[in-house]
Amino acid sequence: MVNGITGGNSAIGTITAAGLYTAPQIMPAPGTIVIQAVSQADSSKSASATVIVSSDIAITISPGPVSVELGATRQFAAPVASAGNPDRSVTWSVAGAGCAASACGSVDPSGLYTAPQILPTPANVTLTARSLADTAKSSAVVVTITSNFTLTVSGPSSVQAGASAQYSATLTPAPSSNPSTVVTWSVSGPGCSGAGCGTISSNGNYAAPSAVPSPPTVNVIATPQADSSRSASVSVTIQPVISIAVQISPVSSTLAVLHRQTFSATVTGTSNQNVNWAVNGVAGGNATFGQICAVASNPCQPAAAGAAMVDYVAPASLPAPNPVTVTATSQADPTQNASAALTILAHVQVSVSPPSVTLAPLSKQMFLANVAGTTNQSVTWQVSGTGCSGLSLPCGMIDPTGLYSAPPAPPTPNALTIVAISADDPTRTGTAAVTIGTGPSILTLFPSSATAGATGGFTLVVTGGNFVASSPGPGSAILVGGTARTTTCLDVNTCTTILSGTDLAALGVLAVQVRNPNGAASNQVFFVVSAGASTEDVIPLTPAAPAAGGKDIVVVDTSTAGISNLQNNVDLNVAGLGAFSVAANSCVLAGNPLIITRPASGTTTADICAFSASGLDASMTYTLSGPSPNDIVVIAKQPLGLGIIHLTLQLSSTSQKGARALFIQNVNQDKTAASGAIEVK
């Protein structure tokens with residue numbers, strides 16, 4: 001008996017009738033076995049012996065420590081060595097610190113190991129073979145899981161803001177491996193975060209942000225589930241929204257039959273500038289609505305395909321409907337087009353503006369002509385009227401630009417016509433009616449402004465028309481501020497008076513009118529009294545800094561402008577400058593600049609003379625430009641007659657070298673400059 005069981009069994013071992021005990025192939029628990037022999041003659045008689053079953057099992061796993069690629073397989077063997085005859089089967093298991101259950105891979109009963117598809121962390125697992133005969137006996141080997149697949153991301157390198165694009169990830173396994181092909185998509189950028197970089201779905205569909213980040217680039221990233229350290233990305237530039245649009249020029253036009261108009265189309269949002277042209281929906285137009293032609297082709301030749309500039313030639317007769325529509329359609333985006341409306345006229349039409357006007361004698365008026373129905377706007381101007389015969393231009397004259405100059409007195413009859421004749425079709429004209437005013441009219445004041453505080457006493461010249469001459473008289477009177485002044489009218493176009501210091505005492509304007517002996521008064525013209533500068537500002541200009549900003553410059557007419565009458569020039573000026581000889585008491589007006597030499601030390605004087613047609617005298621102030629008021633000073637001034645003044649200058653060894661301007665100011669605060677007329681050496 002074995003452990004009380006006759007003959008025993010496979011779990012505790014067996015014994016024959018002859019007493020041959022065979023231990024079990026699998027370690028029993030406990031490992032102590034009792035063998036009992038019972039007498040058949042007297043079953044109450046027996047004896048027993050104790051047998052201890054032991055295990056000398058040893059297991060070796062081969063191969064030893066190895067690397068296995070993600071999802072790949074490797075066959076392992078675990079032979080069992082023993083002096084006995086144990087069950088040589090083993091059970092396989094796999095475990096790891098960075099994985100659980102199937103995440104470490106799997107092993108079948110034959111020892112075939114399949115690595116996990118996702119890399120564990122750490123990337124090591126332990127493969128164990130345990131004896132079935134003696135579970136206390138086992139062997140283990142460390143397996144390193146490797147990741148050698150490649151991952152690439154493909155898709156557009158640029159996406160328009162607010163648009164979407166599809167990206168794909170291609171995972172290429174290492175030979176004989178089978179990593180997980182699942183990827184996770186994300187997007188990031190140096191100039192954005194969160195939704196500001198856009199969003200991407202689980203299948204790689206990227207939606208760009210509506211606003212372009214700065215810098216305008218993001219990275220579309222695919223992270224593999226198999227090994228997150230082997231992510232791949234593509235840089236994407238976010239382009240601003242560019243919508244294709246078509247513009248046509250001109251957007252409208254009026255055209256006479258058989259005339260032509262050049263149209264141009266501009267396409268924005270694409271480099272493709274090609275457009276298709278149509279007239280009233282007919283590609284290229286036709287004889288009824290007008291045709292699209294190559295620019296300047298005569299007779300009409302078809303425009304090149306996609307041409308951005310073409311000529312439209314109107315039909316020979318008025319179309320119906322009228323106006324017609326010329327359309328340019330983008331070839332890049334046929335949904336985008338632009339149109340122009342053309343009104344077709346039976347012939348060229350000329351109009352003149354203003355259509356009628358009443359003008360003062362000697363005044364000027366600009367007339368403008370509009371020639372409808374043609375791009376040729378050129379006209380020839382004429383003046384006509386019943387009273388226009390004779391050589392003295394009694395109706396005035398008009399120049400080629402349309403500037404009309406009225407005569408000094410109304411013609412008889414007082415009705416004039418300005419005529420514009422079309423250069424495109426000389427049979428077509430436009431007209432404007434002109435009437436010359438019969439009352440007094442002021443055109444210009446000389447001067448028209450002065451500085452407040454001036455002493456006055458200068459002539460005010462009033463020019464215009466329909467004045468009454470003072471001789472034989474009575475003549476017209478000039479009214480200043482509503483008060484009649486002593487007036488001299490040289491003729492029907494010119495009257496003069498004197499402005500006094502009282503007139504110029506305060507800032508403001510003086511209303512000036514001319515009143516004829518019959519009581520008729522002219523229009524009011526305003527004489528401006530402006531504030532003089534309390535201090536003079538210097539505007540420093542150099543070759544390195546040739547411009548200055550933020551400077552106010554106030555300009556008034558010089559009081560001598562009244563002397564110049566209609567020439568509108570200035571008499572206060574320096575007509576000549578030269579050296580003065582004290583010994584000979586003579587002035588030599590010579591070419592400029594006039595050289596004066598500074599002394600080696602101390603101070604010295606230089607004598608010069610200046611001439612002006614308006615006369616220079618000692619009442620005027622004379623200064624020279626320079627770095628300071630005392631750099632060079634005028635220490636004496638002596639009138640020489642005939643408008644010449646003798647000036648004595650004092651300069652020192654420290655006077656700055658270079659060109660100087662001579663400034664002259666009269667009692668009415670008019671100022672003139674002889675720029676660069678003197679040079680210090």
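Strands, in what follows, are DSSP runs of E at least two residues long, numbered from the N terminus. Keep that in mind for Leu362, which is found in the loop between strand 35 (356-359) and strand 36 (364-366). We'll come back to that loop; let's look at the whole thing before the details.

What you have here is a predicted model. Its secondary structure comes to 1 helix and 60 strands, so there's a lot of strand to walk through. How does the overall spread look against a globule? A compact globule of 681 residues would have a radius of gyration near 26 Å, but this protein has 57 Å. The box tells you about the proportions: along the principal axes, the C-alpha atoms fill roughly 195 × 90 × 45 Å.

Now for what's inside and what's outside. Of the 681 residues, 38% are buried, a label that here calls for under 20% relative accessible area. The accessible surface comes to about 34,000 Å², and carbon and sulfur atoms account for 54% of that surface. As for how the chain meets itself, take the contacts between residues at least 6 apart in sequence: 59% of them join residues at least 24 apart.

On to the cysteines. How many disulfides does the model have? The count comes to 6. Number the bonded cysteines in sequence order and the pairing reads 1-2, 3-4, 5-6, 7-8, 9-10, 11-12. Three of these bonds deserve a visit, among them the one between Cys293 and Cys300, where the sulfur atoms sit 1.8 Å apart. Why is this disulfide called left-handed? The torsion about its S-S bond is about -105 degrees, and that sign makes the Cys293 and Cys300 bond left-handed. The two ends have their own surroundings: Cys293 has a relative accessible area of 0% and is therefore buried, while Cys300, at 28%, counts as partly exposed.

Stay around there for a moment, and look at Ala296. This residue lies in the loop between strand 30 (290-293) and strand 31 (309-313). Ala296 isn't a glycine, yet its phi is positive, at about 65 degrees. Is Ala296 buried or exposed? Its relative accessibility is 62%, so Ala296 counts as exposed.

That brings us back to Leu362, in its loop between strand 35 and strand 36. Here's another positive phi on a residue that is not a glycine, again about 65 degrees. Leu362 has a relative accessible area of 35%, so it's partly exposed.

Further along the chain, a disulfide joins Cys388 to Cys395, with 1.7 Å from S to S. The S-S torsion is about -100 degrees, so the Cys388 and Cys395 bond is left-handed. Both Cys388 and Cys395 are buried.

Then there's the bond from Cys587 to Cys609, at 1.8 Å from S to S. Cys587 belongs to strand 53 (residues 586-590) and Cys609 to strand 55 (residues 603-611), so the pair, 22 residues apart, links distant parts of the chain. Which hand does this one have? Its S-S torsion is about 85 degrees, so the Cys587 and Cys609 disulfide is right-handed. With 26% relative accessibility, Cys587 counts as partly exposed; Cys609, with 0%, counts as buried.

Two cis peptide bonds are worth finding as well. One joins Ser249 and Pro250, with omega at about -5 degrees, and Pro250 sits in the loop between strand 24 (245-249) and strand 25 (252-256). The other runs from Phe446 to Pro447, with omega near -10 degrees. Pro447, for its part, lies in the loop between strand 43 (441-446) and strand 44 (449-451).

Finally, have a look at the surface. Which residues form a nonpolar patch there? Ile539, Leu541, Ile553 and Val555 do, and together they offer about 420 Å² of accessible area. One of them, Ile539, has its place in the loop between strand 51 (525-530) and helix 1 (561-564). The relative accessible area of Ile539 is 36%, which makes it partly exposed, and a patch takes residues with over 30%.

Methods:
Residues are numbered from 1 along each chain as its sequence is written. This is a predicted model: local features need pLDDT of at least 70, side-chain atom pairs count only at pLDDT 80 or more; totals for chains, interfaces and linings use all residues. Side-chain values use heavy atoms; hydrogens and water are left out. A disulfide is a pair of cysteine sulfur atoms within 2.5 Å. Buried means under 20% relative accessible area, exposed over 50%, partly exposed in between (1.4 Å probe, protein chains only). Helices (H or I, at least four residues) and strands (E, at least two) are DSSP runs, numbered from the N terminus. Patches are made of residues with over 30% relative accessible area and no salt bridge: like charges are joined within 9 Å, nonpolar side chains (Val, Leu, Ile, Met, Phe, Trp, Tyr) within 5 Å. Accessible areas come from the Shrake-Rupley method with a 1.4 Å probe; for residues, only the protein chains shown count as cover. A salt bridge is a side-chain nitrogen of Lys or Arg within 4 Å of a carboxyl oxygen of Asp or Glu. The radius of gyration is taken over C-alpha atoms; the globule rule is 2.2 Å times the number of residues to the power 0.38. Contact means heavy atoms within 4.5 Å.
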